[in-house]
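Student: Please show me the sequence and the fold, and then let me ask about them.

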Amino acid sequence: AGPLQAARQVDVDHAVTELAVIVPMLGRPHHIEPLVESLTSTTPNARPIFGCSPGDIEVIAAVKAAGHDMFLVDGPTRGDYARKINTGFQLTDEPLLFLGASDIKFHHGWYEAATSRLIDGIGVVGTNDFGSQRVMAGLHSTHSLVTRDYVDRFGTIDRAGQVLHEEYPHEFVDDEFVQTAMHRNAFAFAFDSIVEHLHPAWGKAPTDALYEQTPLRMRQGRRIYRRRQH
């Protein structure tokens, strides 16, 4: 089964909400509880929805035990993060989406600060991750709020209806996403919208096998980004 077909085997019915927080997962089941606690305490009307891989048994069990919405995407393969974000987009109907991850912490007021920047023409709002110098300068965003209308009308630089380009192993997919929105004058940065990235690079988490693969993925992703940058 392809990603969407596999995903549709999972029930994602839900009450009416305004914001879907799409969280691609690959290992790290211990991230689920603190992530959701920070989301529900700051944004009680948001809906977390987890994108999982069929063989990731501990993560699937943890999501089910917590009672959250989940879908399955075959893999992991190259572009696993982007494929899960794109599948989550297709399976949700909320007007706003947050491109999440398991290693983030939502701070109080993040949502109000981000949505306040959604003026006419803006479809992507960057949040402050309290880690990357580039992000904290307002020049980039690792995790962004995006309107469904923006994705439906524009999407990636070469495909309307798609959130992220799926060729990237992981790193640089956010660079293409943000730079594309900037190119369209559709990006705003919310300095006071704090979605903290609890990453080992900032000394906020222990490393693991996936984090340790970052240098290799970055080399691969940088080549793809430079090829597509024009």
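The questions below go from the whole chain to the sheet, the helices and the charged pairs.

Tutor: This is a predicted model, in which local features need pLDDT of at least 70, side-chain atom pairs count only at pLDDT 80 or more, and totals for chains, interfaces and linings use all residues. Residues are numbered from 1 along each chain as its sequence is written, and side-chain values use heavy atoms, with hydrogens and water left out.

Student: How many helices and strands are in the protein chain?
Tutor: Both kinds of element are DSSP runs, numbered from the N terminus: helices are H or I with at least four residues, strands are E with at least two. By that rule the protein chain has 10 helices and 8 strands.

Student: What percentage of the residues is buried?
Tutor: Buried means under 20% relative accessible area, exposed means over 50%, and partly exposed is in between (1.4 Å probe, protein chains only). The protein chain has 230 residues. The buried share of them is 54%.

Student: What is the strand order in the open sheet?
Tutor: Two strands pair if DSSP finds at least two bridges between them. The open sheet has 8 strands with mixed pairing. Strand 3 (69-72) and strand 5 (104-106) each have a single partner strand, so they stand at the edges with one side lacking a neighbour in the sheet. The order is 3-2-1-4-7-6-8-5.

Student: Which residue in strand 8 stands opposite Lys105?
Tutor: Strand 5 and strand 8 (residues 187-197) run antiparallel and are joined by 3 bridges. Opposite Lys105, in strand 8, is Glu196.

Student: How many residues of strand 1 are buried?
Tutor: Leu19, Val21 and Val23 point one way from strand 1, and all are buried. Ala20, Ile22 and Pro24 point the other way and are buried too. Strand 1 is largely enclosed by the rest of the structure, because its buried residues number 6 of the 6.

Student: Which residue of strand 2 stands opposite Val23?
Tutor: Strand 1 (19-24) and strand 2 (46-52) pair in the parallel sense over 6 bridges. In that pairing, the residue opposite Val23 is Phe50.

Student: Which residue of strand 4 stands opposite Val21?
Tutor: Strand 4 (residues 96-99) runs parallel to strand 1, and 4 bridges join them. The residue opposite Val21 is Phe98.

Student: At about what angle does helix 2 run to strand 5?
Tutor: Axes are lines fitted to C-alpha atoms, for helices over the stretch in contact, and angles run from 0 to 180 degrees between N-to-C directions. Helix 2 (residues 32-42) lies across strand 1, strand 2 and strand 5. Its angle to strand 5 is about 20°.

Student: Within what arc do the buried residues of helix 3 fall?
Tutor: In helix 3 (residues 57-66), Val59, Ile60 and Val63 are buried. The arc is that of the directions from the helix axis to the C-beta atoms. The buried residues line one face of helix 3, because they fall within an arc of 100°.

Student: Which exposed residues does the face of helix 3 turned away from its buried side carry?
Tutor: The buried residues of helix 3 are covered by parts that include helix 2, strand 2 and strand 3 (contact: heavy atoms within 4.5 Å). The face turned away carries Ile57, Glu58 and Ala65.

Student: How many salt bridges does the structure hold?
Tutor: Side chains of opposite charge can pair when their charged atoms come close. A salt bridge here is a side-chain nitrogen of Lys or Arg within 4 Å of a carboxyl oxygen of Asp or Glu. The structure's total is 9.

Student: How far apart are the closest N and O atoms of Glu94 and Arg47?
Tutor: Glu94 is buried at 0% relative accessibility, and Arg47 is buried with a relative accessible area of 5%. Arg47, Asp69 and Glu94 are linked in a network of salt bridges. Between Glu94 and Arg47, the closest N and O atoms are 2.9 Å apart.

Student: How many residues apart are Asp175 and Arg134?
Tutor: Their side chains meet in a salt bridge (2.9 Å, N to O). Asp175 lies in helix 8 (residues 173-183) and Arg134 in helix 6 (residues 133-136). The pair links distant parts of the chain, and the separation is 41 residues.

Student: Is Glu196 buried or exposed?
Tutor: The side chains of Glu196 and Lys204 meet in a salt bridge (2.8 Å, N to O). Lys204 is partly exposed, with a relative accessible area of 30%. At 13% relative accessible area, Glu196 is buried.
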